[in-house]
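The following paragraphs lead the reader through the fold of one protein chain. The sequence and the coordinates are shown first.

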Amino acid sequence: MQSLGRHVLAELYGCRFEVLNDIEKVEDIMVNAALEAGAEIREFVFHKFSPQGVSGVVVISESHLAIHTWPELGYAAVDVFTCGEKVDPWDACKYLEHMFGANYVSASEIKRGIIQDQEERLVANI
């Protein structure tokens, strides 16, 4: 079986407050994470919450990177979804871990769009 994409869900803990709470820094880091992974950026949008926190998404030709931060907890929830063979979502996650100064990361990968070939579909339907 093959999949259409790889989706990494990452929990970043122990990140620096001053980075997670700065919309310009978060935007810059997320855009550069996409580039680090070899993605082609289409557009991006970020929002700063009051009193703290940033959410945003980077749309790439290969899918997207998204983030929501809780600076007061030193925590960021990130997902990196890539399609095709060219872009490695783990490269983006490693870059994010480094740039946010995370002390601990919990991450897992989900295969998206698992496609069975014709022969496997026939066997499964018997």
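The expected span of a helix is 1.5 Å times one less than its number of residues. In this predicted model, that rule can be applied to helix α2, which comprises the 14 residues 23-36. The helix should therefore span 20 Å, and its end C-alpha atoms are indeed 20 Å apart, in agreement with the expectation.

Both ends of α2 have identifiable features. At the N-terminal end, D22 acts as a cap, with a side-chain oxygen 3.0 Å from the backbone nitrogen of E24. Beyond the other end, α2 is followed by G38, which has a positive phi, near 90°.

The buried residues of α2 are V26, I29, M30, V31, A33 and A34. Their packing partners are two helices, α1 (17-20) and α3 (89-100), together with the strands β2 (41-48), β3 (54-60) and β4 (63-70).

The sheet itself is open and contains six strands, in the order β2-β3-β4-β5-β1-β6, with antiparallel pairing. Its edges are formed by β2 and β6 (104-115), each of which pairs on one side only. From one strand to the next, the twist averages 10°. Strand β1 (residues 2-13) is joined to β6 by eleven bridges in the antiparallel sense; Q2, for instance, has I115 of β6 as its bridge partner.

Two helices can now be placed relative to this sheet. Helix α2 packs on it, touching β2, β3 and β4, and its direction makes about 155° with that of β2. Helix α3 lies across β1, β4, β5 (75-83) and β6, and runs at about 10° to β1.

Methods. Residues numbered from 1 in each chain as written. Predicted model: local features only at pLDDT ≥ 70, side-chain atom pairs only at ≥ 80, totals over all residues. Heavy atoms only, no water. Helix = DSSP H or I, 4+ residues; strand = E, 2+ residues; numbered from the N terminus. Buried < 20%, exposed > 50% of the residue type's maximum accessible area, 1.4 Å probe, protein only. Contact = heavy atoms within 4.5 Å. Polar contact = N/O pair within 3.5 Å; in protein donor to acceptor, adjacent residues only side chain to side chain. Pairing = 2+ DSSP bridges. Axes fitted to C-alpha atoms, helices over the stretch in contact; angles between N-to-C directions.
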